[in-house]
Amino acid sequence: MGLSQIAVIVVGAVLIGFILWWFFGKHTEEAGRATINGNDQEATIVVNGGYSPSTLVLKKGVPAKVKFDMRDSTACLSHVVFEQLGINKDLTKQKITTIDIPTDKNQTFNYACGMDMFHGKIVVK
Ligand SMILES: [Cu+2]
């Protein structure tokens, strides 16, 4: 077996490994958590080609302020929509837009960009 054949086998094995990892591996993103200061909690979600963290966990019963830090210049992400809360905010008016999220009970708020292309969620528990 020549060197080039060994190289082909090695490259093939690496590719198969990558494909298996891509389709079957766990790509769970770490959920973000709020910082509690005094009587309320605060968290920042960076808007830049999506939402980071895309999942944010808030503590139940602690008033929450979620800050959207706008770093994206595309029209796509210019608005953030919380359908359950009837909120549709233009994030381009200022660098940071603060949204109050109710934390009175366990629930999940899904949000999206104005065109429903990018999604994120806030979990209260
Ligand atoms: Cu969009």
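Is Cys76 buried or exposed, going by its relative accessibility? At 13% relative accessibility, Cys76 counts as buried; buried means under 20% relative accessible area, exposed over 50%, and partly exposed in between, with a 1.4 Å probe and protein chains only. The model is predicted, so local features need pLDDT of at least 70 and side-chain atom pairs count only at pLDDT 80 or more, while totals for chains, interfaces and linings use all residues. Residues are numbered from 1 along each chain as its sequence is written, and side-chain values use heavy atoms, with hydrogens and water left out.

Cys76 is a metal ligand. Its SG and the SG of Cys113 coordinate the copper ion at 2.1 to 2.2 Å. Donors here are N, O and S atoms within 2.8 Å of the metal (3.2 Å for Na, K and Ca); water is not among the atoms, so sites may look incomplete. Cys76 sits in the loop between strand 6 (64–70) and strand 7 (79–82), and Cys113 in strand 10, so the pair ties together parts that are 37 residues apart in sequence. Cys113 also counts as buried, at 2% relative accessibility.

Now the strands. Helices (H or I, at least four residues) and strands (E, at least two) are DSSP runs, numbered from the N terminus. Two strands pair if DSSP finds at least two bridges between them. Strands of a sheet pair through backbone hydrogen bonds, either parallel or antiparallel.

One open sheet holds 6 strands in the order 1-5-11-10-7-8, with mixed pairing. Its edge strands are strand 1 (32–33) and strand 8 (87–90), each pairing on one side only. Start at strand 1. It runs parallel to strand 5 (residues 55–58) over 2 bridges, and Arg33 has Val57 as its bridge partner in strand 5. Strand 5 is in turn parallel to strand 11, over 4 bridges. There Leu58 stands opposite Val124. Next come strand 11 (residues 119–124) and strand 10 (residues 107–113), antiparallel over 6 bridges. Phe109 faces Ile122 of strand 11 as its opposite residue.

Strand 3 (residues 40–47) has its own set of partners. Strand 2 (residues 35–37) pairs with strand 3 in the antiparallel sense over 3 bridges. Thr35 has Glu42 as its bridge partner. The two strands form a hairpin with 2 residues between them, and Gly38 in the turn has a positive phi of about 65°. Strand 4 (residues 51–52) also runs antiparallel to strand 3, joined by 2 bridges. Val47 stands opposite Tyr51. This hairpin has 3 residues between the strands, and Gly49 takes a positive phi near 65°. Strand 6 pairs with strand 3 in the parallel sense, over 7 bridges. Ala43 is matched with Val66 in that pairing.

The side chains of strand 3 alternate. Gln41, Ala43, Ile45 and Val47 point to one face and are buried. Asp40, Glu42, Thr44 and Val46 point to the other face and are not.

Finally, the N-terminal helix. Leu15 lies in helix 1 (residues 3–24). An unreviewed UniProt entry lists residues 6–24 as "transmembrane region"; such annotations may be inferred rather than shown by experiment. That span is 100% helix and 0% strand, and its end C-alpha atoms lie 27 Å apart. Leu15 also belongs to a nonpolar surface patch of about 1200 Å², whose members include Val11, Phe18, Trp21, Trp22 and Phe24. Patches are made of residues with over 30% relative accessible area and no salt bridge, with like charges joined within 9 Å and nonpolar side chains (Val, Leu, Ile, Met, Phe, Trp, Tyr) within 5 Å. A salt bridge is a side-chain nitrogen of Lys or Arg within 4 Å of a carboxyl oxygen of Asp or Glu.

Technical notes
Areas by Shrake-Rupley, 256 points an atom, 1.4 Å probe, with all protein chains shown as cover.
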